[in-house]
Amino acid sequence: MTQRTFLDQSWRGSLGPVLSIDAAILEAIVAHARRDHPDEACGVVAAPAGREGPQRHIPMENAERSSTFYRFDSMEQLRVWREMDDRDEEPVVIYHSHTATEPYPSRTDVNLAGEPGAHYLLVSTRDPGPAEVRSFRIVDGVVTEEPVRVVNAIVDPVAVQSYMFGQSPTTVDYECRA
Ligand SMILES: [Zn+2]
C-alpha cells in the first residue's frame, strides 16, 4: 500500500460532481483569461486518465480571436489531444472565458461541448476586480452546475479569496494545507 498524499486525495474528488482544482492552476487560468481580454481565452487541464496524478494546465489559442466566441484551433487541438493520449491523460477541465457576460455556458458552448466526462470551467473577466469562476457538466445538451473546490491554496490564499464563485459560499469548500 502506498500512502496517498493530500493532493491525490483531493484529486480523486474531482471525478465526482465537484471540480477540485489546484489553486496554482486556477490562478494560471484566470491570468490567461485576463491576458487575452477582451478576446475570449480557452484551454484545457489535463490529468492522468482514470487514476490519480498531477494536473497540467494547457493554455490554447482562440482561433476566432473573438470577444463573444471561442473555438480551438483544429491543428493545435489535434496536437494537444494527441499529446494527452501519449501521456495517458484526459481533458479533465475544458475552460474558456466570457468577457462581458456571466460565466454561464451559451447555447453555442452547449452545442459544442463534446466531452461528457469533462468539467466545463467558465471565467468571466467582465469585472476588472474579482474574476467570476463557475464549473459545469454538459451532457447531451443538459447543463448542470457543480461546486468548485480549490485545493493547495497555500500557493496564494489571498489570490484565491479574490475569486467570486457562482456557488453560494456554503457549497464552496476551501481546503488549505497551511
Ligand atoms: Zn462561452
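The following exchange introduces the fold and the nonpolar core of a predicted model.

User: How are residues numbered, and which pLDDT limits apply to this predicted model?

Analyst: Residues are numbered from 1 along each chain as its sequence is written. In this predicted model, totals for chains, interfaces and linings use all residues, while local features need pLDDT of at least 70 and side-chain atom pairs count only at pLDDT 80 or more.

User: How many helices and strands does the protein chain have?

Analyst: Helices (H or I, at least four residues) and strands (E, at least two) are DSSP runs, numbered from the N terminus. Along the sequence they follow the pattern α-β-α-β-β-α-β-α-β-β-β-β-α-β. The protein chain has five helices and nine strands.

User: What percentage of the residues in the protein chain is buried?

Analyst: A residue is buried if 20 or more other C-beta atoms lie within 10 Å of its own, exposed if 12 or fewer, and partly exposed in between, with C-beta atoms placed from the backbone. Of the 178 residues in the protein chain, the buried share is 37%.

User: Which element gives the most residues to the largest nonpolar core?

Analyst: A nonpolar core is a set of buried Ala, Val, Leu, Ile, Met, Phe, Trp, Tyr and Cys residues joined through C-beta atoms within 7 Å. The largest one holds 34 residues, and Leu 26, Ile 29, Val 93, Tyr 95, Leu 121 and Val 123 touch the most other members. Elements supplying at least two residues each include strand 4 (89–98) and strand 5 (119–124). The most, six residues, come from helix 2.

User: Is Ile 29 buried or exposed?

Analyst: Ile 29 lies in helix 2. Contact here requires C-beta atoms, placed from the backbone, within 7 Å; leaving aside residues up to four places away in sequence, Ile 29 touches His 57, Tyr 95, Leu 121 and Val 123. Because Ile 29 has 26 C-beta neighbours inside 10 Å, it counts as buried.

User: What distance separates the C-alpha atoms of Ile 29 and Val 123?

Analyst: Along the chain, Ile 29 and Val 123 are 94 residues apart. The separation of their C-alpha atoms is 8.3 Å.

User: How many residues of helix 3 are buried?

Analyst: Helix 3 covers residues 74–86, and its end C-alpha atoms are 18 Å apart, which agrees with the span expected for 13 residues at 1.5 Å a residue. That expected span is 1.5 Å times one less than the number of residues. Helix 3 lies largely in the open, because the number of its residues that are buried is one.

Note on methods: Two residues are in contact if their C-beta atoms, placed from the backbone, lie within 7 Å.
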